Amino acid sequence: MIVSLIVAKAKNNAIGKNNNLLWHLPSDMRFFKETTTGHCIITGRKNYESIPEKYRPLVNRTNIIVTRNANFKVRDAIICHSLEEAIEVARSKGETEVFIIGGGQIYKEAMAKCLVSRMYITEVDAEFEADTFFPAFEQKSWISKELSSIATDEKNQLQASIKLYERK
Ligand SMILES: NC(=O)c1ccc[n+]([C@@H]2O[C@H](COP(=O)([O-])OP(=O)(O)OC[C@H]3O[C@@H](n4cnc5c(N)ncnc54)[C@H](OP(=O)(O)O)[C@@H]3O)[C@@H](O)[C@H]2O)c1
C-alpha cells in the first residue's frame with residue numbers, strides 16, 4: 001500500500017488560518033476530489049471539523065479521523081487514536097493508496113516519522129499570513145514532476161502548480 005499525502009501550500013508553506021483554508025481554488029478542489037475518490041483518507045480531528053457539515057464525511061471515500069479523544073464518534077467514519085493505527089486500518093481494508101489529507105499536526109507527524117512515500121502538492125504562487133504550515137522538507141530526498149498547472153481565471157484567483165513528489 002502506498003501512503004500518500006495531499007496538500008495545497010503557499011510559497012511560505014502556509015496552509016491554514018483559524019481552522020480554515022486560505023484560498024478558494026475550485027480547480028484544486030476538483031483535483032483533490034478526483035485523486036482521493038474511492039480511497040481511504042486520513043484526517044486530523046480539527047481538519048475534519050473544518051469541513052462544512054454538508055460535505056462530511058467526504059463522500060465515496062473511507063474517512064478515518066485521528067483524535068486522542070476516546071469518546072469521539074462520527075457516524076459513517078472510522079475513529080483512530082494514532083496515525084499508525086489509521087494507516088493500518090486502511091491497509092486492513094485492502095487499500096492500494098491511502099491519502100493523509102491534513103491538517104498541520106498530522107502532516108508534521110507523518111513527515112517527521114517518514115510515513116509517506118508520495119506527496120501531491122499544489123504549490124500556490126503567493127504568500128499568506130497563517131497559523132498552520134506544511135513542514136519544510138529536504139527537496140533532494142524526493143523526485144518531483146509537475147502534473148498540471150492552474151491559471152488564474154474568473155473562478156481561480158491564484159496561479160498554482162500541482163506536483164507529484166516520489167521519495168527517492
Ligand atoms: N491547505 C491544505 O491543503 C490543508 C489541508 C488540510 C488542512 N488544512 C488546514 O489545517 C488546519 C488544521 O490543522 P491543525 O494542525 O490545526 O489540526 P489537525 O492536524 O487537522 O488536527 C489536530 C488534531 O488531530 C488529533 N491528533 C493529532 N496528532 C495526533 C496523534 N498523534 N494521535 C492522536 N490524535 C492526534 C488531535 O485531535 P484531538 O484534539 O481531538 O485529540 C489534534 O487536536 C486548518 O486551518 C485547515 O484548513 C489545510
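## Sheet, core and ligand shell

Strands β3 (residues 40-44) and β4 (residues 62-66) run parallel to each other and are joined by five bridges. One of the residues involved is Ile41, whose bridge partner in β4 is Asn63. The model is predicted.

Both strands belong to an open sheet of eight strands with mixed pairing, in the order β5-β4-β3-β6-β1-β7-β10-β9. The edges are formed by β5 (78-80) and β9 (142-150); each has a single partner strand, so one side of each lacks a neighbour in the sheet. From one strand to the next, the twist averages 25°.

Helix α3 (residues 83-92) packs on this sheet and touches β1, β3, β4, β5 and β6 (97-100). The direction of α3 makes about 165° with that of β4.

The largest nonpolar core has 38 residues. Leu5, Ile42, Phe99 and Ile100 have the most contacts inside this core. Leaving aside residues up to four places away in sequence, Ile42 touches Ile64, Val66, Ala86, Val98, Phe99, Ile100 and Ile101. In soluble globular proteins, nonpolar side chains tend to be buried together.

A ligand is surrounded by 28 residues, of which Gly16, Gly44, Gly102, Gly103 and Gly104 come nearest. At least two residues of the shell come from each of β1 (2-9), β2 (14-16), α2 (45-50) and α4 (104-112). The shell residues divide by type as follows.

| Type of shell residue | Number |
|---|---|
| Nonpolar | nine residues |
| Polar | 15 residues |
| Charged | four residues |

Note on methods. Residues are numbered from 1 along each chain as its sequence is written. This is a predicted model: local features need pLDDT of at least 70, side-chain atom pairs count only at pLDDT 80 or more; totals for chains, interfaces and linings use all residues. A residue is near a molecule or strand if its C-beta atom, placed from the backbone, lies within 6 Å of it. Helices (H or I, at least four residues) and strands (E, at least two) are DSSP runs, numbered from the N terminus. Ala, Val, Leu, Ile, Met, Phe, Trp, Tyr, Cys and Pro count as nonpolar, Asp, Glu, Lys and Arg as charged, and the others, Gly among them, as polar. Two strands pair if DSSP finds at least two bridges between them. Axes are lines fitted to C-alpha atoms, for helices over the stretch in contact, and angles run from 0 to 180 degrees between N-to-C directions. Two residues are in contact if their C-beta atoms, placed from the backbone, lie within 7 Å. A nonpolar core is a set of buried Ala, Val, Leu, Ile, Met, Phe, Trp, Tyr and Cys residues joined through C-beta atoms within 7 Å. A residue is buried if 20 or more other C-beta atoms lie within 10 Å of its own, exposed if 12 or fewer, and partly exposed in between; C-beta atoms are placed from the backbone.
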